[in-house]
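Trainee: Got a minute to go through this model with me? I'd like to start with what counts as buried.

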Amino acid sequence: MNQSFPPLGRISKAVIPAAGLGTRFLPATKATPKEMLPVVDKPAIQYVVEEAVAAGLSDVLMITGRNKRPLEDHFDRNYELEEALSRKGDDERLSKVQESSDLATMHYVRQGAPRGLGHAVLCAAPHVGDQPFAVLLGDDLIDPRDPLLARMVEVQEREGGSVIALMEVDPSQIHLYGCAAVEPTLDGDVVRVTDLVEKPEPAEAPSNYAIIGRYVLDPAVFDTLRETEPGRGGEIQLTDALQKLASDEKLGGPVHGVVFKGRRYDTGDRGDYLRAIVRLACEREDLGPDFRAWLRRYVSEEM
């Protein structure tokens with residue numbers, strides 16, 4: 001019989017690491033944070049905050065770095081712009097401008113040096129305290145019609161410990177991700193994680209279950225991260241800390257995975273970023289019909 005670790009309380013806090021340099025998008029990210037690159041007409045980071053709020057996590061801590069001030073400005077009020085729109089009677093755009101500042105209670109802390117995802121998560125310890133919390137990576141946008149995070153919160157509150165999001169990928173692509181060895185449970189979309197490897201070679205991967213950018217973590221992960229030595233790339237890897245938790249439940253409960261089969265938009269790669277924009281634009285009621293018609297003509301006439 002598996003031992004169950006009761007959750008410590010209702011999850012309300014989300015952590016969004018956003019200190020990366022965005023080197024894959026240079027020169028666009030020389031002066032603009034990659035998280036602020038638009039996906040149709042909203043910056044990518046707003047989709048992520050909206051996802052956290054939709055799952056009931058209204059307290060958001062963003063881990064930032066140098067040149068990330070535009071993130072704070074985006075989620076703050078812009079009184080001059082709001083006043084100008086109000087004078088014009090442009091209520092629709094005014095509502096859109098105010099939406100981002102009203103989404104959640106936002107907090108910010110700087111990661112002094114880019115020492116890896118594990119170190120970024122550790123920066124959240126004073127804010128999070130002793131409660132379970134979620135981590136959302138900004139490169140992965142999850143379609144709001146597929147409530148992955150809400151399901152992960154549900155599993156964590158039932159099972160305790162930590163929960164990671166998993167997705168089956170082609171084995172040839174597993175070297176791009178953290179990889180999980182798993183055992184089935186009675187829930188079809190939930191697995192028990194027995195081991196984790198950061199970006200293994202395909203021949204050494206324990207499965208084709210890749211970790212994607214959503215986590216719900218037990219606060220015990222902080223103690224484990226403090227003792228985790230730099231790993232792949234000379235950085236402190238969150239995957240390495242979770243591997244320790246998975247191998248020894250006494251450290252902080254079990255590690256489970258929710259297998260996601262929904263719609264995910266990867267904005268961390270230039271090609272996938274463009275594909276994400278096309279997909280989301282096609283599905284918009286206000287843009288989709290005209291854009292899809294143009295896209296069909298373009299493909300048939302120009303390609």
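Mentor: Sure. Buried means under 20% relative accessible area, exposed means over 50%, and partly exposed is in between. Keep in mind that this is a predicted model.

Trainee: OK, so is E82 buried or exposed?

Mentor: E82 is buried, because its relative accessible area is 6%, under the 20% cut-off.

Trainee: Where is E82 placed?

Mentor: In helix α3, which covers residues 79-88.

Trainee: And which residues is E82 in contact with, leaving aside its neighbours within four places in sequence?

Mentor: R77, L94, V97 and Q98.

Trainee: Another glutamate, then. Where does E157 go?

Mentor: E157 belongs to helix α7, residues 148-159. It's partly exposed, with a relative accessible area of 25%.

Trainee: How far apart are E157 and R279?

Mentor: In sequence, 122 residues; in space, 33 Å from C-alpha to C-alpha.

Trainee: Switching to strands. Why is β1 described as largely enclosed by the rest of the structure?

Mentor: Because 4 of the 5 residues of β1 (residues 13-17) are buried.

Trainee: Which strands is β1 joined to by bridges?

Mentor: β4 (residues 59-64) is joined to β1 by 5 bridges, and the two run parallel. V15 has L61 in β4 as its bridge partner. Then there's β6 (residues 133-136), joined to β1 by 2 bridges, again running parallel. There, A14 has A134 as its bridge partner.

Trainee: Cysteines next. How many disulfides does the count come to?

Mentor: The count is 0 disulfides, taking a disulfide as a pair of cysteine sulfur atoms within 2.5 Å.

Trainee: Are C179 and C282 buried or exposed?

Mentor: C179 counts as buried at 0% relative accessibility. C282 is buried too, with a relative accessible area of 16%.

Trainee: Now zoom out. How many helices and strands are there in the protein?

Mentor: The protein has 11 helices and 13 strands. Buried residues account for 48% of its 303 residues.

Trainee: What radius of gyration does the protein have, and what would a compact globule have?

Mentor: The protein has 20 Å, and a compact globule with 303 residues would be near 19 Å, so the two agree. The C-alpha atoms fill a box of roughly 65 × 45 × 35 Å along the principal axes.

Trainee: What about contacts between residues at least 6 apart in sequence?

Mentor: Of those, 76% join residues at least 24 apart.

Trainee: Last one: how much surface does the protein expose?

Mentor: About 15,500 Å², with carbon and sulfur atoms supplying 50% of it.

Definitions and conventions. Residues are numbered from 1 along each chain as its sequence is written. This is a predicted model: local features need pLDDT of at least 70, side-chain atom pairs count only at pLDDT 80 or more; totals for chains, interfaces and linings use all residues. Side-chain values use heavy atoms; hydrogens and water are left out. Buried means under 20% relative accessible area, exposed over 50%, partly exposed in between (1.4 Å probe, protein chains only). Two strands pair if DSSP finds at least two bridges between them. Contact means heavy atoms within 4.5 Å. The radius of gyration is taken over C-alpha atoms; the globule rule is 2.2 Å times the number of residues to the power 0.38. Accessible areas come from the Shrake-Rupley method with a 1.4 Å probe; for residues, only the protein chains shown count as cover.
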